[in-house]
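Open the model in your viewer and keep the sequence panel beside it. The tour below goes from one selection to the next and says what is there.

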Amino acid sequence: MRPVTAAALAVLTVAGAGATAVAVGRYAGDIALKPSPDHPLPGDSRLTVHSAGAERIALTRSFASLRPGTYGLTGAGCHAEVGSVVHGAPHPADAVVRRLERVTHGTLRPGMRMRLTPQVHSGNPRDALGLDCADIDVPGELGPLPAWFVPGVRDTWVITAHGLGTTREHPMVVMPFLHRHRLPVLDLAYRNDPGAPRTTDGINHLGDSEWRDLDAAIRYAVRYGARDVVLHGWSVGATMALRAATHSALRDRISGLILDSPVLDRHTTVRALAAARGVPRALLPLVVRAAEGVTGMPVHRPADAADPAALNAPTLIFHGPDDRIAPWAASRAFAARRPDLVTLHAVPHAPHAAMWNADPAGYEEALRRFLTPLM
């Protein structure tokens, strides 16, 4: 029996229907919105390691393991970096062979259960990428926010914010590109992240309160020499960037926005997260209502996530039709409302927040064209 189903039945035995709906909705809503890299996301299937050598790894054959591009592989105290599918290599009929770039920690063994993640790198920028970096604390409203600062000579800083199911290790995928273009990078951990301050409820508000931590990072950057900043966010981090661009007292310092898989239709996102984490379909309407109550956001009105009419900064959106958490249609509609400022770069065959992973070269070329006039 699924945990949420069991909890619902237990509550039914001791409470009336009205109280039950409230209690179950809140319980399931907490499960959907609790941030954790270990929680499954839609399409986040477990893969079995069939074999692993010095340069190749064989994994369970599935839509996930056949995805093009570069991903992290994590599970059972192990993390590895895997590249594209190797065609023509001998393998069992139920397996897929991919390039094995390196094992960052742990040991890969046949039979291990792993999952692919857009968070390719593990550790810090110095150990994972050989980039000089400083560990800093950004003063936030709830307390110090851990961050990595990768120096650069330009006075335009890039501030990164990760999204659902990942940590500040995820933005490391673009750090080598940004470093080659001599852009300073401030990679932020925000509330409820590992090492960051905890909120009383411990849940993700889908950017509605988290954006204030990004605002604190903007203030930090300006205080320490940034003329202006570009905000680069993934998933909920992209929604945080949008809210900062329209709510921050320093929004005039934001010269550009880069949004990867932005969460714009929060209704759909809450339902998708709840379903992936075992909430029965019958309870999903209660989860949406509970999320609206605890986050303070009208998740049933997707347009309230961000108003494109309020934007003043050039914006680049990376998104694709295979995202099962943040609807691709919402990004298309958003871009269509501001064609003067918003460019939409479509990435096929990419799961949520994995637009770089599916096509690193294409992603970085679009970044180069967007950032060049802002440097």
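Start by selecting Arg338, which counts as buried at 13% relative accessibility (buried means under 20% relative accessible area, exposed over 50%, partly exposed in between, with a 1.4 Å probe and protein chains only). Add Asp340, which is exposed at 56%. Arg338 and Asp340 form a salt bridge, with the closest N and O atoms 2.9 Å apart (a side-chain nitrogen of Lys or Arg within 4 Å of a carboxyl oxygen of Asp or Glu). Now select Glu141, Arg191, Arg212 and Asp213, which are joined into one network by salt bridges that share partners.

Some background before going on. This is a predicted model, in which local features need pLDDT of at least 70 and side-chain atom pairs count only at pLDDT 80 or more, while totals for chains, interfaces and linings use all residues. Residues are numbered from 1 along each chain as its sequence is written, and side-chain values use heavy atoms, with hydrogens and water left out.

Colour by pLDDT, the predictor's confidence in each residue, from 0 to 100. The protein averages 88, and 86% of the residues score at least 70. Select residues 1–17: pLDDT stays under 50 there, and the model has 21 contacts for this stretch beyond four places in sequence (contact means heavy atoms within 4.5 Å). Where pLDDT is low, the predicted coordinates should not be read in detail.

Switch to cartoon. The protein has eleven helices and 14 strands (DSSP runs numbered from the N terminus: helices are H or I with at least four residues, strands E with at least two). Of the 375 residues, 57% are buried.

Select strand E1 (residues 47–52) and strand E2 (residues 56–60). E1 and E2 pair in the antiparallel sense over three bridges (strands pair if DSSP finds at least two bridges between them), and a hairpin of three residues joins E1 to E2. Ser51 has Ala58 in E2 as its bridge partner. Add strand E5 (residues 95–105), which pairs with E2 in the antiparallel sense over five bridges. Here the bridge partner of Thr60 is Ala95 in E5.

Next, select Arg99 and Glu101. They form a salt bridge with the closest N and O atoms 2.5 Å apart. Glu101 is partly exposed at 38%, and Arg99 is partly exposed at 36%.

Move to Asp307 and Arg337, whose side chains meet in a salt bridge at 3.6 Å, N to O. The pair links distant parts of the chain, 30 residues apart: Asp307 is in the loop between helix H8 (284–295) and strand E13 (315–319), and Arg337 is in helix H9 (residues 328–337). Asp307 is partly exposed, at 40%. The salt bridge count comes to 14.

Finish with the rings. The count is three aromatic pairs (rings of Phe, Tyr and Trp, its six-membered ring, with centres within 6.5 Å; planes under 30 degrees apart are stacked, over 60 edge-to-face, the rest tilted). Phe149 and Trp157 form a tilted pair, 4.7 Å centre to centre with 35° between the planes. Phe149 is buried at 17%, as is Trp157 at 6%. Phe318 and Tyr363 form a stacked pair, 3.8 Å centre to centre with 15° between the planes. Phe318 lies in strand E13 and Tyr363 in helix H11 (residues 360–371), so this pair ties together parts 45 residues apart in sequence. Phe318 is buried at 0%, and Tyr363 is buried at 1%.
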